[in-house]
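Here are three short exercises to work through with the model open in your viewer. Try each task before you read its solution.

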Amino acid sequence: MGKYFVRGTPLAGLERMMMEVPNFAARSSGTAILCRYRRRGCRSLTCLYLAERLQAGAVAMEEMVAELVRPWKHLRLKQRAVGIAGQVRAFYFEGQLHIARMLRMTQGDETVDSRWLAAVYLLSSHASLWQKTLAAVTPGRIAFERVRLDNTTVQDYVLYRVAKGLCSGMLGATSEELADPELVSDDTLLLILCAALIARYGPEVTNIGRAE
């Protein structure tokens, strides 16, 4: 039996992360790959080859988030989002247990719906939230009507609302709420931004900042 169970799928990166030494950042390969459009002196405000560079492993979290929030109208939220993304070098997980919970739910699926995966990413980020929602999560579907969020924290409630919204193609929280650091912590907003990236670009974004 091979070492990896999801080799060759978009979720293989999650399994590689589980094999890494905890709290140890993998070294970069040291190879810089620039898209052909950039080499011709691109002056566009947005990279037209972002998906291409994502597959090549040549895009940073800050740039991905900047592109994600570019259409947003709330300036304070945009500034906060880009500032938080600039503080991390790789796609964010709450720890090895977060990755393990996602792997258990997605194991055996070669393809997954990006919106569903984004919601699972949020719901599985905190053990307390996962315990309240796990029974409602099945492959490709989340029965939110079955969830009872009794005695939950503010941060878990925000994550739940956003997860529910992403499944419907929305964000699930207002810009004013997300821009308020007293209501939504930096870690919670970073989780939300990462989930939005999954919903938009697919599971490949989980490999951002990690060498092959």
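Helices here are DSSP runs of H or I with at least four residues, numbered from the N terminus. Keep in mind that this is a predicted model.

**Exercise 1.** Check the length of helix α9 against its residue count, then look at its surroundings and its end.

*Solution.* Start with the count: α9 covers residues 154-167, which is 14 residues. The expected span is 1.5 Å times one less than that number, so the helix should span 20 Å, and its end C-alpha atoms are indeed 20 Å apart. Next, take burial, with under 20% relative accessible area as the cut-off. The buried residues of α9 include D156, Y160 and L166. Their cover includes α7 (114-123), α8 (127-133) and α11 (186-201). Finally, step past the helix: G169 follows α9 and has a positive phi, near 80°.

**Exercise 2.** Describe the lining of the second largest pocket.

*Solution.* The pocket holds about 210 Å³ of space. Among its lining residues are L166, G169, W72 and R115. Helix α11 gives the largest share, three residues. Sorting the lining by type yields seven nonpolar, one polar and two charged residues.

**Exercise 3.** Classify the aromatic pair F93 and Y121.

*Solution.* The structure has four aromatic pairs. In this one, the ring centres are 5.7 Å apart and the planes meet at 75°, so the pair is edge-to-face. F93 sits in the loop between α5 (75-85) and α6 (96-106), while Y121 belongs to α7, so the pair ties together parts 28 residues apart in sequence. Both F93 and Y121 are buried, and with F91 they form one aromatic cluster.

Notes: Residues are numbered from 1 along each chain as its sequence is written. This is a predicted model: local features need pLDDT of at least 70, side-chain atom pairs count only at pLDDT 80 or more; totals for chains, interfaces and linings use all residues. Side-chain values use heavy atoms; hydrogens and water are left out. Helices (H or I, at least four residues) and strands (E, at least two) are DSSP runs, numbered from the N terminus. Buried means under 20% relative accessible area, exposed over 50%, partly exposed in between (1.4 Å probe, protein chains only). Contact means heavy atoms within 4.5 Å. On a 1 Å grid over the protein atoms alone, a cavity is a set of points where a 1.4 Å probe fits but cannot get out, and a pocket is an open set with protein on both sides within 12 Å along at least five of seven lines; lining residues have an atom within 4 Å of a point. Grid points are joined across faces, edges and corners, and a volume is the space filled by probe spheres set on the points. Ala, Val, Leu, Ile, Met, Phe, Trp, Tyr, Cys and Pro count as nonpolar, Asp, Glu, Lys and Arg as charged, and the others, Gly among them, as polar. Rings of Phe, Tyr and Trp (its six-membered ring) pair if their centres lie within 6.5 Å; planes under 30 degrees apart count as stacked, over 60 as edge-to-face and the rest as tilted.
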